[in-house]
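Please open the model in your viewer and keep the sequence panel beside it, since this tour moves from one selection to the next.

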Amino acid sequence: MHSHGKSDRPIVPAKPPNEAEPGEAKEVVEGRGLAKGKAPERNMSRTQSRSGMSSALERIRQAARRDKGQRFTALLHHVYSMDTLKAAYFGLKRDVAAGIDGTTWRQYGEELERNLKDLSDRIQRRAYRAQPVRRAYIAKAGEPGKVRPLGVLVLEDKIVQRATAEVLSSIWEEEFVRFSYGFRPGRDPHQALDALSVGIMRREVNWVLDADIRGFFDTLDHEWLVRFIEHRVADRRIVRLIQKWLNAGVLQGGKHIETEMGTIQGGSISPLLANIYLHYVFDLWVKQWRKTKARGEVIVVRFADDFVVGFEHREDGERFSSELVERLKRFGLELHAQKTRLIEFGRNAEENRRNRGEGKPETFNFLGFTHSCAKTRKGHYVVLRQTMRKRWQGKLKAVKAELRRRMHTSVPEMGRYVRSVIIGHMRYYAVPMNAVSVSDFRMGVVRIWRRVLKRRSQKSHMPWTRMRRYIVRWVPQTHVCHPYPWQRFGVIT
């Protein structure tokens with residue numbers, strides 16, 4: 001059995017190997033390869049760059065796996081290598097908004113070799129400078145009127161950040177714990193959802209802590225982050241690169257604003273930095289707490305800054321919540337008081353509450369789904385997952401606005417948009433026992449489309465006979481896209 005460190009030091013607790021604790025069922029380990037990219041292009045140089053980068057990163061992975069305490073002293077040459085930069089360029093999305101310099105992906109690619117060579121030289125000579133981030137805002141999913149700040153980086157910063165993230169991920173993917181799912185190669189939200197459902201149903205879980213860190217990306221402490229990175233990285237040039245991005249500031253309304261806290265959402269490296277921060281602040285602490293202080297079983301699932309913890313005993317949940325507040329406070333973070341609560345949940349919750357004369361068990365939200373206690377037709381306990389009402393309503397409002405904007409475009413063009421919306425919604429939300437919600441969303445989109453079509457003419461008439469033809473042509477039938485959690489996730493985190 002591998003031991004944890006002796007103390008809970010403020011910099012970094014000692015890290016045990018990534019093995020399941022005694023008494024835990026080991027889960028299926030996903031492949032450690034690079035995140036899946038776009039389909040291979042015919043350009044042979046791109047294929048060569050990927051293979052060259054892959055072999056270099058594999059060597060780093062093997063070294064990180066062999067020695068968990070090793071600090072890497074020479075990493076920058078992997079970042080400015082033409083193979084890595086070229087792979088990073090092709091890994092970016094083509095049609096995203098340009099940064100403050102106005103350079104698009106296609107414009108940069110017109111003289112790709114020359115541009116990347118110049119960028120590589122500047123990184124080597126330490127002449128590379130991070131540019132301020134253009135501030136943009138997007139509507140918060142399911143929260144009408146609220147917006148989420150995003151940063152739009154210049155293309156070269158995106159390339160260097162992605163290249164750096166690839167190199168650092170090869171180290172920290174050997175370090176991260178298995179209940180961390182957010183923005184990691186080979187992992188996705190549905191694996192986190194499956195792990196949570198299976199954990200609640202198969203383990204002794206009677207209480208759930210539904211927690212939310214207030215403004216995590218805006219309050220992340222730069223000094224602590226650098227100290228965490230230096231736990232594995234001794235190459236000061238890499239650390240200085242990261243500090244350049246953290247301190248580049250934001251351009252908003254023509255005014256440059258310096259940033260002393262937080263990391264900009266929208267950058268290629270931001271998810272990795274967030275995972276590194278929470279790895280040391282939360283994940284390792286939770287593993288040690290579960291091992292040394294919990295009286296009963298504890299399950300944990302984290303996706304970026306969103307996490308759920310399940311407990312066998314209420315006393316464990318209350319003690320954990322109290323100590324978590326103090327733990328986060330030491331690193332400049334705090335729980336959102338209104339969005340953090342310990343609720344009774346699990347296979348015994350309904351009966352226990354009924355015996356006490358209380359109502360149905362409370363529900364909690366995680367990754368777009370409302371989780372509640374339910375039973376199958378045969379009477380077996382199951383975690384019911386349904387689309388969050390706010391997400392459902394928010395998406396329909398967005399569809400309504402977009403279809404009104406496209407009111408005078410052709411029916412086939414509108415139909416293609418409607419089809420893409422329904423397919424996208426179905427691919428994420430069409431989980432077992434959520435078919436009714438997905439079907440209702442489909443009909444909601446159809447009704448909105450019909451009302452928009454009716455407004456296109458002065459007669460305001462769109463008979464259902466004609467609308468049905470459009471539905472048959474453009475609106476796909478809904479179906480369940482995902483298996484039951486225990487079928488896909490046969491063992492427990």
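Begin by selecting aspartate 210, which counts as buried because its relative accessibility is 9%, under the 20% that marks the limit for that class. The model you are looking at is predicted, and every value along the way is computed from it.

With aspartate 210 still displayed, add arginine 341, with which aspartate 210 forms a salt bridge whose closest N and O atoms are 3.8 Å apart. This pair links distant parts of the chain, for aspartate 210 belongs to strand 3 (residues 207-212) and arginine 341 to strand 8 (residues 341-344), 131 residues apart. Arginine 341, at 28% relative accessibility, counts as partly exposed, whereas aspartate 210 is buried. Next, select Glu344, Arg353, Arg356 and Glu358 together, which are joined into one network by salt bridges that share partners.

Which residue pairs with glutamate 175 in a salt bridge? Select arginine 232 to see the partner, the closest N and O atoms of the two residues being 2.7 Å apart. Glutamate 175 lies in the loop between helix 6 and helix 7, while arginine 232 lies in the loop between helix 9 (222-229) and helix 10 (236-246), so the salt bridge ties together parts that are 57 residues apart in sequence. Both ends are buried, glutamate 175 with a relative accessible area of 1% and arginine 232 with one of 0%.

Now move to glutamate 174 and display arginine 65 with it, since side chains of opposite charge can pair when their charged atoms come close. Glutamate 174 forms a salt bridge with arginine 65, and the closest N and O atoms are 3.1 Å apart. Here too the pair links distant parts of the chain, with glutamate 174 in the loop between helix 6 (155-172) and helix 7 (189-202) and arginine 65 in helix 1 (residues 44-66), 109 residues apart. Glutamate 174 counts as buried at 4% relative accessibility, but arginine 65 is partly exposed, with a relative accessible area of 39%. The structure holds 30 salt bridges, among them the pair now on your screen.

For the last stop, turn to the surface and select Met433, Tyr484 and Trp486, which form a nonpolar patch there with about 250 Å² of accessible area together. Within this patch, centre the view on tyrosine 484, which is placed in the loop between helix 17 (464-474) and helix 18 (485-488). Tyrosine 484 counts as partly exposed, its relative accessibility being 33%.

Key
Residues are numbered from 1 along each chain as its sequence is written. This is a predicted model: local features need pLDDT of at least 70, side-chain atom pairs count only at pLDDT 80 or more; totals for chains, interfaces and linings use all residues. Side-chain values use heavy atoms; hydrogens and water are left out. Patches are made of residues with over 30% relative accessible area and no salt bridge: like charges are joined within 9 Å, nonpolar side chains (Val, Leu, Ile, Met, Phe, Trp, Tyr) within 5 Å. Accessible areas come from the Shrake-Rupley method with a 1.4 Å probe; for residues, only the protein chains shown count as cover. A salt bridge is a side-chain nitrogen of Lys or Arg within 4 Å of a carboxyl oxygen of Asp or Glu. Helices (H or I, at least four residues) and strands (E, at least two) are DSSP runs, numbered from the N terminus. Buried means under 20% relative accessible area, exposed over 50%, partly exposed in between (1.4 Å probe, protein chains only).
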